[in-house]
Amino acid sequence: VLPPIDRLFSLIDFLGVGVGALGGALAAARDTRYRYDLVGVIGLALASALGGGITRDLILQQGPPLAFADVRYLLTALAGGLLGLLFSSQMFADRFGATHFGAGTERAIVVVDAAALGLFAVAGSTRALNAHLGVLPALLLGGVTAVGGGSIRDVLSGRTPKIFERGEFYAIAAAFGSAAFLACDMLHLNRSTSTLVGTLCGFALRMLSLRYHWRTRSIRVEQSS
Amino acid sequence: VLPPIDRLFSLIDFLGVGVGALGGALAAARDTRYRYDLVGVIGLALASALGGGITRDLILQQGPPLAFADVRYLLTALAGGLLGLLFSSQMFADRFGATHFGAGTERAIVVVDAAALGLFAVAGSTRALNAHLGVLPALLLGGVTAVGGGSIRDVLSGRTPKIFERGEFYAIAAAFGSAAFLACDMLHLNRSTSTLVGTLCGFALRMLSLRYHWRTRSIRVEQSS
Amino acid sequence: VLPPIDRLFSLIDFLGVGVGALGGALAAARDTRYRYDLVGVIGLALASALGGGITRDLILQQGPPLAFADVRYLLTALAGGLLGLLFSSQMFADRFGATHFGAGTERAIVVVDAAALGLFAVAGSTRALNAHLGVLPALLLGGVTAVGGGSIRDVLSGRTPKIFERGEFYAIAAAFGSAAFLACDMLHLNRSTSTLVGTLCGFALRMLSLRYHWRTRSIRVEQSS
């Protein structure tokens, strides 16, 4: 039996995968050019939910990615994708007069997504440390784990990864959470405490950035001709 | 010496790689924006032919991908790519008054491609089972193997993977073939029989979908404003 | 202590990573659509500098990629990316009245990039031979190592890899350097000599192609309607 704190992390992990898949499916199903069929919606849902972890595991080379080795990840992602499909269906639209969630549901999705952002970043860094990588590679791998799924989804949708573009604080929140975790680990706090601190830091920065509409700016300098 | 059924599978495997490369080269050489040079045509041919198997082997992490470890795959893909280049050349156009194949050749390519679709899906699932993955991951990996090459080609050509878009039955045929194979395997049929059944199912569904012009539909719901 | 020739190779290796990152950062920071923020510029710098080697190491499956296992690569790439950021900043523009380098600096970057192109191709082939791959896969892997970073950067920027398009001699110079190295190796020259010959061949072909404005041509045939 897992201790309570690990059960909490496991819960956030799977909720994060499910919400990632739900978000990927909804984005595909709401595509304004009516491009995607069933395969597209489910495929983009799986890529969004599992792409970050798969990328992490391909880099660490410790056997097949967790998303393939532990079937619960794939089941959770499929469930999230099918839920997204259901909410986008004509039947749902007819019955509830809307193809969008209410404000409360949208808010819950944002909160879970922010918590998962923090946890995924910490999980990536944890696995990097376990594979004897240094602190800086562990920081990078934390970020890749947290933002990889969305970025793969973006590339498969024919666009530049959103995290590279000026706009929301997302990758920065992940890097911050990962850095907080690594700092705690270097101070020899135990893993559960470090994980909690890192996840909370990533989560808090993401939520604050949404609350106060923080935006990143373009690097490009206006040319004085 | 391989038994006859395994020699048939091996034949379809290499024919599939060659036809995949040919298709990739022709698509690149016929690009309406005149973008691709020699490197582009051969590169897109190799990506189309070998990308699915390479992705499968990267995920399974059992050593370098077969496409690098067994040189026959690379040679076959190169041959297919060079053939596509030859058929697209000015010399060929001058001599035969056309840069396209006759109807019979186009038909043969479609048949080989459909057979390879079925076999690649089964091969991906077989390797997944051999690596002790579960049935659901094996199904996903079968699909990835069958459609991965074309999808990588699409992304490298600056577009969304065609398999995600409404249109032809392709990924669904692969998934169906893979599922048929996995069902036979769970019924303890021997591997050759299971492979044959799975490949035939994928092949048949693909050919039927072309014959009867089955199309997948967009998931997007028309908004009643 | 490394012998002098190996120290030269190591120098070119790290200079190549740094210049790759610098080029990636500058391209992102000069984006005409003002798209990229800090994460985008540094992310595209890292992808440009390290993407080729990471792809090579993922294929070879001999443990985590060198870019993660040896922190000097990541530090060098970060330094190159930050330098690019600095040169693109308002402060720099105000102080020096320009956001571009002088002709001498631009020229030095081109020379280092060409040397790195040759060395990366040879390094990819060397590692492939060490992993007991054949000559043809080693040639392909040399090319992938040399052009992979730029190609990943291109895909992440929402465009087709430049190496596939008609234009500059780049992938061909890499393949030529790799082929020269492999030929020397088959003639049983020692590794340092083979590496030097291969790197020089790739470098020379790249510099000559720039000096004499050699261009690759589109494969597409004009249709005589």
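**Figure 1. Helix α2 of chain B and its surroundings in the predicted model.** Of the 23 residues of α2(B), 21 are buried, so this helix is largely enclosed by the rest of the structure. The helix runs over residues 38-60 of chain B, for which a rise of 1.5 Å a residue gives an expected span of 33 Å, and the separation of 32 Å between its end C-alpha atoms agrees with that value. Within α2(B) there is nevertheless a kink of about 55°, and the centre of this kink is Leu50(B). At the N-terminal end, Asp37(B) acts as the cap of α2(B), with a side-chain oxygen placed 3.0 Å from the backbone nitrogen of Val39(B). Following α2(B) comes Gln61(B), whose phi is positive, near 50°.

**Figure 2. Leu38(B), a residue of helix α2 of chain B.** Leu38(B) has a relative accessible area of 41% and is therefore classed as partly exposed, since that value falls between the limits of 20% and 50%. When residues up to four places away in sequence are set aside, Leu38(B) touches Leu85(B) in its own chain, and it also touches Arg217(C) and Ile219(C). Ala28(B) is 10 residues from Leu38(B) along the chain, and the C-alpha atoms of the two are separated by 9.7 Å.

**Figure 3. Ser88(B) in the loop between α4 and α5 of chain B.** This loop joins α4 (71-87) to α5 (90-96), and Ser88(B), at 5% relative accessibility, counts as buried. The side chain of Ser88(B) reaches the backbone oxygen of Gly84(B) at 2.7 Å. Apart from its neighbours within four places in sequence, Ser88(B) is in contact with Leu26(B) and Ala29(B) of its own chain and with Ile219(C) and Val221(C) of chain C. Ile219(C) thus appears among the contacts of Ser88(B) and also among those of Leu38(B).

**Figure 4. The interface between chain B and chain A.** In this interface, 26 residues of chain B are in contact with 39 residues of chain A. The area buried between the two chains is about 2700 Å², and carbon and sulfur atoms give 67% of it. On the side of chain B, the residues that lose the most area to chain A are Phe164(B), Ile219(B) and Arg220(B), which together make up 26% of what that side buries.

**Figure 5. Arg35(A) and its contacts with chain B.** Arg35(A) lies in the loop of chain A between α1 (4-29) and α2 (38-60), and at 14% relative accessibility it counts as buried. A polar contact of 3.3 Å links the side chain of Arg35(A) to the side chain of Thr160(B). Not counting residues up to four places away in sequence, Arg35(A) touches Ser157(A) within its own chain, and across the interface it touches Thr160(B), Phe164(B), Glu165(B), Arg166(B) and Ser218(B). Of these, Phe164(B) is also one of the residues of chain B that lose the most area to chain A.

**Figure 6. Positive phi values in chain C, together with helix α6.** Most residues other than glycine have a negative phi. Tyr34(C), in the loop between α1 (4-29) and α2 (38-60) of chain C, has a positive phi near 55°, and its relative accessible area of 25% makes it partly exposed. His188(C), which is found in the loop between α8 (171-186) and α9 (191-211) of chain C, has a positive phi of about 60° although it is not a glycine, and with a relative accessible area of 72% this histidine is exposed. A further positive phi, of about 65°, is taken by His132(C) just after α6(C). The helix itself comprises the 28 residues 103-130, and its end C-alpha atoms are 40 Å apart, in agreement with the 40 Å expected at 1.5 Å a residue.

**Figure 7. Superposition of the chains.** A turn of 120° with a shift of 0.0 Å along the axis lays chain C on chain A with an RMSD of 0.0 Å. That is the relation of a three-fold axis. Only 8% of the interface residues of chain C are also interface residues in chain A, so these copies meet through different surfaces. Chain B is likewise superposed on chain A by a rotation of 120° with 0.0 Å of shift along its axis, again with an RMSD of 0.0 Å. Here 12% of the contact residues of chain B recur in chain A, and the copies use different surfaces.

Conventions: Residues numbered from 1 in each chain as written. Chains lettered and ligands numbered in written order. Predicted model: local features only at pLDDT ≥ 70, side-chain atom pairs only at ≥ 80, totals over all residues. Heavy atoms only, no water. Helix = DSSP H or I, 4+ residues; strand = E, 2+ residues; numbered from the N terminus. Expected span 1.5 Å × (residues − 1). Bend = angle between axes of the 7 residues up to and from the residue. Buried < 20%, exposed > 50% of the residue type's maximum accessible area, 1.4 Å probe, protein only. Polar contact = N/O pair within 3.5 Å; in protein donor to acceptor, adjacent residues only side chain to side chain. Least-squares fit on C-alpha atoms with pLDDT ≥ 70 in both. Contact = heavy atoms within 4.5 Å. Buried area = accessible area lost by both parts, 1.4 Å probe.
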